[in-house]
Amino acid sequence: MTSSVLCFDIGGTSVRAAKVSADGRAGPVSRFDTPARDREAFLTRLAGICDAEPVRPAAVAISLAGVVNPETGRMIVANIPAIHGTDLSGDLATRLGIPVFVANDADCFAVAEAVSGAGQGHDIVFGIILGTGVGGGLVTDGRLVNARGGFAGEWGHGPVTALRGGTPPVEVPHFACGCGLSGCLDTVAGARGIERLHAHLSGEDKSSHAILEDWRAGLPAATRTLDVYLDIIAGPLALTVNITGATIVPAGGGLARDHALVAAIDAAVRPLTLWQFDRPLVVPATSGEEPGLTGAGIIGLQKLSEG
Ligand SMILES: [Zn+2]
């Protein structure tokens with residue numbers, strides 16, 4: 001059966017859309033502003049794109065920065081009030097009359113990397129997002145683990161941040177996290193986290209971009225921040241690798257565009273894993289500029305083939 005999937009990658013400010021054909025190829029990408037506050041406008045906008053397709057897609061697949069309550073199907077999407085607490089897949093499927101699949105954006109990224117990126121050839125892929133915050137997704141044999149909820153692989157949450165880090169060690173407070181806990185890696189490991197850590201350690205208020213530039217230039221304050229940063233995230237990431245059995249950890253998101261940072265994380269993590277990898281473990285993503293759309297498309301096609 002030649003079936004295509006209409007994919008949406010939904011962020012807090014913009015939505016990207018593309019049709020993915022049965023062979024996995026994505027068509028041209030269109031963009032529009034997210035109707036973030038109005039549920040009716042949100043559903044109407046997405047349905048309108050689907051209705052405008054000359055050939056009705058077999059399904060819609062959505063990547064977004066949220067998780068699904070596996071018991072109620074309702075979304076937890078903090079940055080898009082229009083759909084927070086709603087059953088997005090159910091609402092849209094009712095309107096369109098075709099199946100609608102929703103997946104966490106880090107999960108879509110992980111699937112894209114496993115099937116068409118740096119994770120190809122690996123049975124267990126743990127994809128990590130180093131963006132504004134941190135996220136992750138776990139894929140085994142090309143299939144997402146915990147596809148319905150989107151919680152698996154979320155190494156950024158949980159009160160696990162070490163209270164001391166770096167050489168020599170310095171005290172690191174447990175910062176409050178948006179999830180309600182404190183001490184989550186999400187508070188120190190993403191772009192906002194590096195900035196928070198740097199401000200705490202040096203008193204300098206700088207962007208993550210500037211801090212990483214200073215680090216690459218060997219400036220002392222940024223060197224110290226990265227020393228503490230790498231120390232803090234390496235342990236939990238190594239533990240995640242041990243628990244999941246992942247043999248490759250593709251890294252995506254804004255911070256991961258800095259390949260020197262990805263290499264430094266790899267160098268910090270590898271000595272701490274039980275199995276000692278003699279090649280890079282944490283590597284830059286290679287699945288392209290649209291991992292959300294790519295991953296959503298793969299998930300949609302997989303679900304269709306399952307019937
Ligand atoms: Zn948290």
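**View 1. The centres of domain 1 and domain 2 lie 28 Å apart in this predicted model**. That separation is taken over C-alpha atoms. Domain 1 is built from two stretches of the chain, 5-107 and 289-306, while domain 2 covers 120-284. It helps to keep these bounds in mind for the close-ups that follow.

**View 2. Here is the interface where domain 1 meets domain 2**. On the domain 1 side, 13 residues are in contact with 16 residues of domain 2. The size of an interface is often given as the accessible area lost when the parts come together. For domain 1 and domain 2, about 1100 Å² is buried between them, and carbon and sulfur atoms account for 49% of that area.

**View 3. Zoom in on Arg143 and Glu306, which form a salt bridge**. Their closest N and O atoms are 2.2 Å apart. Between domain 1 and domain 2 the count is one salt bridge. You can also look for the polar contacts: two residue pairs, both at pLDDT 80 or more, make them between domain 1 and domain 2.

**View 4. Now for the elements on the side of domain 1 that touches domain 2**. Strand 5 (67-68), helix 3 (105-116) and helix 9 (291-306) each supply at least two residues to that side. Helix 9 gives the most, with five residues. Sorted by class, the side of domain 1 that touches domain 2 holds five nonpolar residues, four polar ones and four charged ones.

Technical notes. Residues numbered from 1 in each chain as written. Predicted model: local features only at pLDDT ≥ 70, side-chain atom pairs only at ≥ 80, totals over all residues. Heavy atoms only, no water. Domains from an automatic or database assignment. Contact = heavy atoms within 4.5 Å. Buried area = accessible area lost by both parts, 1.4 Å probe. Salt bridge = Lys/Arg side-chain N within 4 Å of Asp/Glu carboxyl O. Polar contact = N/O pair within 3.5 Å; in protein donor to acceptor, adjacent residues only side chain to side chain. Helix = DSSP H or I, 4+ residues; strand = E, 2+ residues; numbered from the N terminus. Nonpolar A, V, L, I, M, F, W, Y, C, P; charged D, E, K, R; others polar.
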